[in-house]
Amino acid sequence: MTQQSTEPRTTAEDAGDGSRQPAGRSWLDRYFHISDRGSTLARETRGGITTFMAMCYILLLNPVILGSVQDVQKHGLDHSALVTATALGAAVCTLLMGFIGKVPLALAAGLNVSAALTTQVVPHMTWPQAMGMCVMYGVVICLLVVTGLREMVMNAIPLALKHAITMGIGMFVALLGLVKAGFVGKGAGGPVTLGSDLSGHLVGWPVLFFCITLLLIFMLQARKVPGAILIGIVVGSALAIGATKLGGLTAKDWGGTPPTLDGNAVSMPDFGLFGHVEFGGWGSIGALSVTMIVFTLVLAGFFDAMATIIGVGTEAKLADDKGRMPGLSKALFVDGAGGAIGGLTGGSGQTVFIESASGVGEGARTGLSSVITGLLFAACLFFTPVTQLVPAQVAAAALVVIGSMMMSVAGHVDWSDRATSIPVFLTVALMPFTYQITTGVGAGVIAYTAIKAAQGKWREIGAFMWVLTGIFLVYFSLHPIEQWLGVK
């Protein structure tokens with residue numbers, strides 16, 4: 001199926017066309033549309049570094065998640081090979097997003113995909129077969145992009161819901177940062193509480209450095225200092241390293257890896273998991289179970305990425321007045337291909353990361369920032385120990401800052417219109433409260449369709465919104481459906 005490109009263009013890009021383009025622009029500027037989007041080389045570089053610093057925790061976390069579970073044959077994954085696979089997948093996919101998608105979005109192993117693999121897949125099949133599942137769901141998403149269905153779905157979502165997705169992700173990102181920092185944790189008398197040890201108090205040095213970093217970034221932003229987020233992370237990391245050295249803080253104090261460099265900064269990559277993919281051999285769980293697993297992975301990858309792209313694209317001011325982005329189909333294709341690439345590298349399906357918003361907060365507007373981020377992930381194939389110098393608690397401050405910035409679109413929502421405000425509220429509230437982006441999107445879509453139908457405004461809903469509503473009804477009913485069908 002062939003489609004003619006009808007992708008929207010930003011006002012800045014339109015202003016930069018033809019003879020009105022500034023003379024003497026470098027090929028880098030022309031290729032990535034740096035001037036057209038009102039950015040500079042310094043901003044793109046700073047944004048790429050900031051995004052990497054906010055995301056590099058994945059090199060530590062993903063190997064822990066995947067390495068903690070044995071497959072059906074009692075085989076586990078080697079930690080060093082997992083680190084290499086995680087870095088390789090992130091580097092390849094983020095570089096592709098930069099050069100092809102030309103948008104400031106970085107990709108890495110999706111924690112929702114990794115969690116699904118460890119809890120739903122490998123208890124019933126081998127790790128190579130599980131990685132085959134990643135390849136399958138990536139191919140399915142790519143087919144949805146090639147046929148134009150994925151972009152049609154994104155463009156069919158009403159603008160108010162797109163604003164809600166941006167705000168919901170902002171709240172989700174802020175909560176994610178607060179939890180990663182140990183500022184918020186599971187409560188004893190309630191779902192959550194202040195601190196992470198059930199005491200209702202902030203405990204430990206790491207959360208102190210989070211607070212210092214957060215306040216520093218806010219103060220720098222208030223004074224309109226360029227590079228506020230990056231400066232805050234660097235200063236916070238330096239303070240954390242100094243306190244660890246002088247105060248004798250240990251891994252226990254940091255709740256994991258302390259910000260220190262032990263031994264050699266250089267490490268050789270271990271490509272032991274690359275290409276370990278198998279298709280078939282699923283007879284023990286049946287074709288229906290395989291279909292449900294792939295459907296779950298596709299659904300999570302599809303809508304999580306969609307929401308992230310909308311949120312980050314809006315924050316980067318790349319969307320037009322209808323919430324559409326230039327180069328959207330290419331970005332969606334790279335994201336879909338990330339599932340297959342992640343399976344081939346052995347590091348789980350890759351997807352766009354909401355931490356990309358931290359780079360956007362530093363001024364990133366083009367794919368050049370993604371190229372910078374991708375090159376840094378590639379460097380981590382050989383300098384993995386250096387990534388431990390940025391504490392997760394310090395990097396978490398950037399997420400809270402970005403969350404506050406993404407709430408600014410609230411002024412574009414007509415809160416007096418209940419047909420709009422109720423779906424928007426559900427979308428915004430359920431993303432952080434359920435800790436799932438897809439759930440918030442689904443609740444908003446169903447509520448919007450139901451309320452418009454109740455008002456008799458059937459034609460305003462649109463065919464794709466009806467389809468999305470049906471898909472999300474299935475999504476929320478997956479457990480009883482699986483029980484009814486006898487799926488394991």
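This is a short tour of some aromatic rings, a nonpolar surface patch and one polar contact in the structure. The model is predicted, and residues are numbered from 1 along the chain.

**Stop 1: a pair of rings in one helix**

The structure holds seven aromatic pairs. For one of them, select Trp 205 and Phe 209, whose rings are stacked, with 6.1 Å from centre to centre and 25° between the planes. Now show the backbone as well. Both residues belong to helix α10, which covers residues 205-222. Trp 205 and Phe 209 are four residues apart, about one turn of the helix.

Which of the two is buried? Colour by accessibility to see it. Phe 209 has a relative accessibility of 5%, so it counts as buried, because the cut-off for buried is under 20%. Trp 205 has 44%, so it counts as partly exposed.

**Stop 2: two tryptophans**

Next, select Trp 458 and Trp 466. These form another stacked aromatic pair, at 5.7 Å centre to centre and with 10° between the planes. Trp 466 is partly exposed, and its relative accessible area is 35%.

**Stop 3: a cluster with a lysine over it**

Select Tyr 31, Phe 32 and Phe 99, which make up one aromatic cluster. Then add Lys 102 to the selection. Where does Lys 102 lie relative to Tyr 31? Lys 102 is over the face of the Tyr 31 ring, 4.0 Å from the ring centre.

**Stop 4: a nonpolar patch**

Keep Tyr 31 and Phe 99, and add Trp 27, Val 92, Leu 96 and Ile 100; these residues form a nonpolar patch on the surface. Together they have about 540 Å² of accessible area. Turn on a surface display to view the patch.

Which elements give two or more residues to the nonpolar patch? They are α2 (27-32) and α5 (79-101). The largest share comes from α5, with four residues.

Leu 96 can be picked out of the patch for a separate look. Leu 96 is located in helix α5, and with a relative accessible area of 31% it is partly exposed.

**Stop 5: a threonine and a backbone oxygen**

Finally, go to helix α11, residues 228-247, and select Thr 244 there. Is Thr 244 buried or exposed? Thr 244 is buried, with a relative accessible area of 5%.

Show the backbone atoms of Ala 240 too. The side chain of Thr 244 has a polar atom 2.7 Å from the backbone oxygen of Ala 240.

Conventions. Predicted model: local features only at pLDDT ≥ 70, side-chain atom pairs only at ≥ 80, totals over all residues. Heavy atoms only, no water. Phe/Tyr/Trp six-rings, centres within 6.5 Å; stacked < 30°, edge-to-face > 60°. Buried < 20%, exposed > 50% of the residue type's maximum accessible area, 1.4 Å probe, protein only. Lys NZ or Arg CZ within 6 Å of the ring centre and 35° of its normal. Patch = residues over 30% accessible without salt bridge, like charges linked within 9 Å, V, L, I, M, F, W, Y side chains within 5 Å. Areas by Shrake-Rupley, 256 points an atom, 1.4 Å probe, with all protein chains shown as cover. Salt bridge = Lys/Arg side-chain N within 4 Å of Asp/Glu carboxyl O. Polar contact = N/O pair within 3.5 Å; in protein donor to acceptor, adjacent residues only side chain to side chain.
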